[in-house]
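Subject: Structure for your files

Hello,

Here is the structure I said I would pass on. Please look it over before reading the notes underneath.

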Amino acid sequence: MTDPIADYLTRLRNAIKAQHRVVDIPASKMKKEITKILFDQGYILNYKFVDDGTPSGMIKIALKYDKVDKVSAIKCLTRVSRPGLRQYTGYKDMPRVLNGLGIAILSTSRGIMTNKQAAELKIGGEVLCYVY
């Protein structure tokens with residue numbers, strides 16, 4: 001696999017389209033941090049890191065849906081920076097997703113964080129994905 005983050009986002013997208021309640025994803029440190037951000041921002045209901053005997057383990061993510069309409073809290077997951085074309089941004093040129101309603105997840109020198117957190121700390125980094 002050449003791009004594990006794209007695989008992570010694709011598994012989430014596919015589970016949302018199929019209206020699954022829970023999705024299992026192979027874990028890595030970066031995927032765990034992205035999952036924590038999605039939970040903190042309210043895009044997923046819950047998550048659990050499971051050690052199933054593999055070196056890195058699994059992540060069980062409970063997806064969040066509206067109770068009445070059965071619409072997912074995540075409307076769009078877009079991969080921005082790819083292995084063949086990296087996208088970096090400074091803190092002055094921080095991307096605004098859906099005019100501030102969505103988030104951009106960045107990989108910075110201080111770890112994985114949202115565009116709002118990086119702008120407050122005045123640091124830039126690689127734009128991993130957009131979520132709204």
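The notes below cover aromatic rings, a charge over a ring, the cysteines and one loop residue.

Please keep in mind that this is a predicted model.

Aromatic rings

The count of aromatic pairs comes to two. One of them joins F39 and Y47 in an edge-to-face arrangement, with 5.3 Å from centre to centre and 75° between the planes. The other joins Y47 and F49; this pair is tilted, with 50° between the planes and 5.2 Å centre to centre. The first angle is over 60 degrees, so the F39 and Y47 pair goes down as edge-to-face. The angle for Y47 and F49 is neither under 30 nor over 60 degrees, and that pair is therefore called tilted.

Taken together, the ring pairs link F39, Y47 and F49 into a cluster. Y47 takes part in the pair with F39 and also in the pair with F49.

Are these rings buried or exposed? F39 is partly exposed, at a relative accessible area of 33%. Y47 is also partly exposed, at 23% relative accessibility, and F49 counts as partly exposed at 33%.

A charge over a ring

F49 has a further contact to look at. The charged end of K32 sits over the ring of F49, at 5.2 Å from the ring centre.

Cysteines

How many disulfides are there? The count is zero. C76 is in no disulfide, and the nearest cysteine sulfur to it belongs to C129, 10 Å away. Seen from the other side, the closest cysteine sulfur to that of C129 is the one in C76, and 10 Å is too far for a bond. A disulfide needs the two sulfur atoms within 2.5 Å, so C76 and C129 do not qualify.

The surroundings of these cysteines can be put in figures too. C76 is partly exposed, at 22% relative accessibility, whereas C129 is buried, with a relative accessible area of 1%.

A loop residue

Where is S109 found? S109 lies in the loop between β6 (103-108) and β7 (111-114). S109 is exposed, with a relative accessible area of 70%. Along the chain, S109 and D51 are 58 residues apart, and their C-alpha atoms are separated by 28 Å.

Regards

Technical notes. Residues numbered from 1 in each chain as written. Predicted model: local features only at pLDDT ≥ 70, side-chain atom pairs only at ≥ 80, totals over all residues. Heavy atoms only, no water. Phe/Tyr/Trp six-rings, centres within 6.5 Å; stacked < 30°, edge-to-face > 60°. Buried < 20%, exposed > 50% of the residue type's maximum accessible area, 1.4 Å probe, protein only. Lys NZ or Arg CZ within 6 Å of the ring centre and 35° of its normal. Helix = DSSP H or I, 4+ residues; strand = E, 2+ residues; numbered from the N terminus.
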